[in-house]
Amino acid sequence: TEVLAELATPEPPMGVVITQDGATAYTANYGDDETPGNTVTQIDLVTLQVVGSVIVGDRPEQLALMGDLLTVNAASDGTAVVLDTTANPPIVLGSALTSSDPSYPLWMEEFPDQVLMTDSQGPGGVSLVEVTAPAMPSSLTQLEVEGIPYAIDRIDGALEVVVLATRFTSVDL
């Protein structure tokens, strides 16, 4: 393993997604206690240079790509934010309120106009966000999930997803 470059983002990143061709990365810059984040940064992986950053909302965590669209959750804003990656850096097209703490976005190729978003709080579940008009995304529905849903992924070859939900318990000593 070899470090090829260390690049600075406006705030400490939490999530990253890389384009299929391996040429571009986008980071969700969540920040830390001293520097709360609110940006997504585009990185050219060929030249190992930061292209630029765009403000997306407070505490972005994870990202997902579908074609020219990038979705990121702005955890503190409770929104799923849709960006256009044909601009350098990408531009925000619109956002949709999903919950008080959205997490992992998930696109499925079979449904390119919809993105799933786990909702950790208020109430916990999975939201379906319609992006047919990316500048005006909307939350269509939410399926409540027991516990605190955080991560989501699809089962290869199936139209099913797996949702990781934590259930906290207390133990009396």
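In which sense do strand β2 and strand β3 pair, and over how many bridges? The views below come from a predicted model, in which local features need pLDDT of at least 70 and side-chain atom pairs count only at pLDDT 80 or more, while totals for chains, interfaces and linings use all residues. Residues are numbered from 1 along each chain as its sequence is written, and side-chain values use heavy atoms, with hydrogens and water left out.

**View A. Strands β2 and β3 as a hairpin.** Strand β2 (residues 24-31) pairs with strand β3 (residues 36-44) in the antiparallel sense over 7 bridges; strands are DSSP runs of E with at least two residues, numbered from the N terminus, and two strands pair if DSSP finds at least two bridges between them. Between β2 and β3 there are 4 residues, and G31 stands opposite P36 of β3.

**View B. Strands β3 and β4 as a hairpin.** The pairing of β3 with strand β4 (residues 49-55) is also antiparallel and runs over 6 bridges, with S53 in β4 as the bridge partner of T41. This hairpin has 4 residues between its strands, and L48 in the turn has a positive phi of about 55 degrees.

**View C. The surroundings of T71 in strand β6.** T71, which belongs to the strand spanning residues 69-74, counts as buried because its relative accessibility is 0%; buried means under 20% relative accessible area, exposed over 50%, and partly exposed in between (1.4 Å probe, protein chains only). Not counting residues up to four places away in sequence, T71 touches ten residues' worth of surroundings that include Q62, A80, P105, V115 and M117, where contact means heavy atoms within 4.5 Å. The side chains of T71 and W107 are joined by a polar contact of 3.4 Å, a term for a pair of N or O atoms within 3.5 Å of which, within protein, one must be able to donate a hydrogen and the other to accept it, residues adjacent in sequence counting only if both atoms are side-chain atoms.

**View D. I91 in strand β8.** I91 lies in the strand of residues 91-97 and is partly exposed, with a relative accessible area of 42%. Leaving aside neighbours within four places in sequence, I91 is in contact with V82, L83 and D84, whereas I91 and D58, 33 residues apart in sequence, are 16 Å apart in space from C-alpha to C-alpha.
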